[in-house]
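This briefing introduces a structure to a reader who has not met it before. Please look over the sequence and the model before turning to the points below.

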Amino acid sequence: MSATGWLAVVVKRNQAVYTIASAEDALKLLFSDWPVHSGLPFILAMEACAGAVTGVVTDEEAEFAFLTAAIDAQVSFEFP
């Protein structure tokens with residue numbers, strides 16, 4: 001697992017603002033308020049974030065997968 005952790009990512013969805021600072025935060029958002037529930041980027045993000053939570057995937061890999069899924073799903077995000 002990475003020692004550096006995630007950069008904070010701010011995601012705006014359905015008039016809510018989410019601060020994603022960990023793979024666990026990203027996984028919760030993917031489950032609760034994501035516009036798509038299929039497709040390779042979504043599946044890879046779910047797997048990578050779950051893997052980071054359990055320590056078998058690096059935080060960097062999970063963050064990259066999450067951001068790729070966000071771009072694919074046209075979910076806007078920014079770095080504060």
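The points below cover confidence, a helix pair and the loop that joins the pair.

This is a predicted model, in which local features need pLDDT of at least 70 and side-chain atom pairs count only at pLDDT 80 or more, while totals for chains, interfaces and linings use all residues. Residues are numbered from 1 along each chain as its sequence is written, and side-chain values use heavy atoms, with hydrogens and water left out.

**Confidence**

- The chain has a mean pLDDT (the predictor's confidence in each residue, from 0 to 100) of 91, and 95% of its residues reach 70 or more.
- Among the elements of the chain, helix 2 (residues 40–54) has the highest mean pLDDT, 98, and strand 1 (residues 9–13) the lowest, 87.

**Helix 2 and helix 3**

- The axes of helix 2 and helix 3 (residues 59–72) come within 8 Å and cross at roughly 155°.
- The two helices are therefore roughly antiparallel to each other, a term for angles over 145 degrees.
- Residues of helix 2 that meet helix 3 (contact means heavy atoms within 4.5 Å) include Phe-42, Leu-44 and Cys-49, and those of helix 3 include Ala-62, Phe-66 and Asp-72.
- The residues of this contact divide into 11 nonpolar, one polar and three charged.

**The joining loop**

- Thr-58 lies in the loop between helix 2 and helix 3.
- Thr-58 counts as partly exposed because its relative accessibility is 29%, between the limits of 20% for buried and 50% for exposed (1.4 Å probe, protein chains only).
- Thr-58 and Gly-39 are 19 residues apart along the chain, and their C-alpha atoms are separated by 22 Å.

Conventions: Helix = DSSP H or I, 4+ residues; strand = E, 2+ residues; numbered from the N terminus. Axes fitted to C-alpha atoms, helices over the stretch in contact; angles between N-to-C directions. Parallel < 35°, antiparallel > 145°, perpendicular 65-115°, else oblique. Nonpolar A, V, L, I, M, F, W, Y, C, P; charged D, E, K, R; others polar.
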